[in-house]
Amino acid sequence: MEEKLIEFRNVSFRYAEEQPWVLRNCSFTINANESVAIIGHNGSGKSTIAKLMNGLLFAQEGEIIIHGKPVNEETIWDIRKDVGMVFQNPDNQFVGTTVQDDVAFGMENRGIPREEMIRRINDTLQAVGMKDHLLTEPHRLSGGQKQRVAIAGVLAVSPKVLILDEATAMLDPKGRQEIMQTVTTLQAEQDLSLITITHDLTEVVEAERVIVMNKGEKWKEATPREIFAEKEALREIGLDVPFVAILADALKQTGLPVSGRELNHEELLEELWTLHSKM
Ligand code: ADP
């Protein structure tokens, strides 16, 4: 049976009593070793969900269970060890004067012996492809490299889940793709769940499951392929639809019987070849 790692049970949240609810009655489960994308328009509640997952915020209604523990004032220190988070702006996440110091920082408060720290610094920087930059000063790194170091710093404390909250939003398309490839490989190889939070549908392709948020409510939960088949509805709730989906729609309108469920260019090309060979 699948092991539940994160459970939201009828969670509602608002930032203050006189303000509107920004999450309403949200329930979902994220399993151990699972890769899930949470998508939704700006302001749909995604970041609030992330902050509830590591006890930066507490829900007024409902319950959040992480790795068997309810999130509350007493459990947050344990829970933060299990829940690693990387945010949008790489420049706000650096604390060390070199790459290795930065990765060490999260471990320093946790009483990890020096030898073990050195091993973890090397292993995690290797895993994110930054092993050659141990002594580099952060300001010399590109945005994508900074985010990879931030990911290494989070992984060094061995979390159960890595949450990327719009962590690629400030990167160019190549930097984005590299980060997504790195984390997808890590997630597959390690005992780790991955949650990617984004408003960009392109990033959901690699996820096993997608949770779509709309105006603070869970709108849909499905596989990426099922989600991609609902382009019109997704556009209506303010999501960026990938180019391949727009192209497939345009081809369909010209009368070509493509499925409209393609996840990437390769799949569309494959379909077009098949159609071509039947002509
Ligand atoms: P998303 O990550 O999907 O863009 P957020 O979780 O950041 O959405 O925001 C959800 C809603 O909560 C928005 O309406 C936003 O304006 C509001 N909000 C976010 N942070 C705060 C805050 N610190 N105080 C009051 N309202 C907030």
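**Exercise 1. Find the residue of strand 10 that stands opposite N214, then describe how its strand fits into the sheet.**

Start from the pair itself: N214 faces E217 of strand 10. This is a predicted model, so take the pairing as computed. Next, widen the view to the two strands: strand 9 (residues 209–214) and strand 10 run antiparallel, joined over five bridges. Now step out to the whole sheet, which is open and built from six strands in the order 6-7-8-3-9-10, with mixed pairing. At its edges lie strand 6 (83–86) and strand 10 (217–222), each paired on one side only. From one strand to the next, the twist averages 20°.

**Exercise 2. Work out which strands helix 1 and helix 5 touch.**

Take helix 1 (residues 46–53) to begin with: it packs on the sheet and touches strand 3 (35–40), strand 6, strand 7 (161–165), strand 8 (193–198) and strand 9. Its direction makes about 140° with that of strand 3. Then turn to helix 5 (residues 143–155), which lies across strand 6 and strand 7 and runs at about 170° to strand 6.

**Exercise 3. Decide where the buried residues of helix 9 lie around its axis.**

List them before anything else: in helix 9 (residues 243–253), V244, A245 and A248 are buried. Looking down the axis, you will find these buried residues within an arc of 100°, so they line one face of the helix. A general rule helps here: an α-helix has 3.6 residues a turn, so residues three or four places apart point the same way. Check the partners next: the buried residues pack against helix 8 (231–236) and helix 10 (265–278). Finally, look at the face turned away from the buried side, where F243 and Q253 are exposed.

How values were computed
Residues are numbered from 1 along each chain as its sequence is written. This is a predicted model: local features need pLDDT of at least 70, side-chain atom pairs count only at pLDDT 80 or more; totals for chains, interfaces and linings use all residues. Side-chain values use heavy atoms; hydrogens and water are left out. The arc is that of the directions from the helix axis to the C-beta atoms. Helices (H or I, at least four residues) and strands (E, at least two) are DSSP runs, numbered from the N terminus. Buried means under 20% relative accessible area, exposed over 50%, partly exposed in between (1.4 Å probe, protein chains only). Contact means heavy atoms within 4.5 Å. Two strands pair if DSSP finds at least two bridges between them. Axes are lines fitted to C-alpha atoms, for helices over the stretch in contact, and angles run from 0 to 180 degrees between N-to-C directions.
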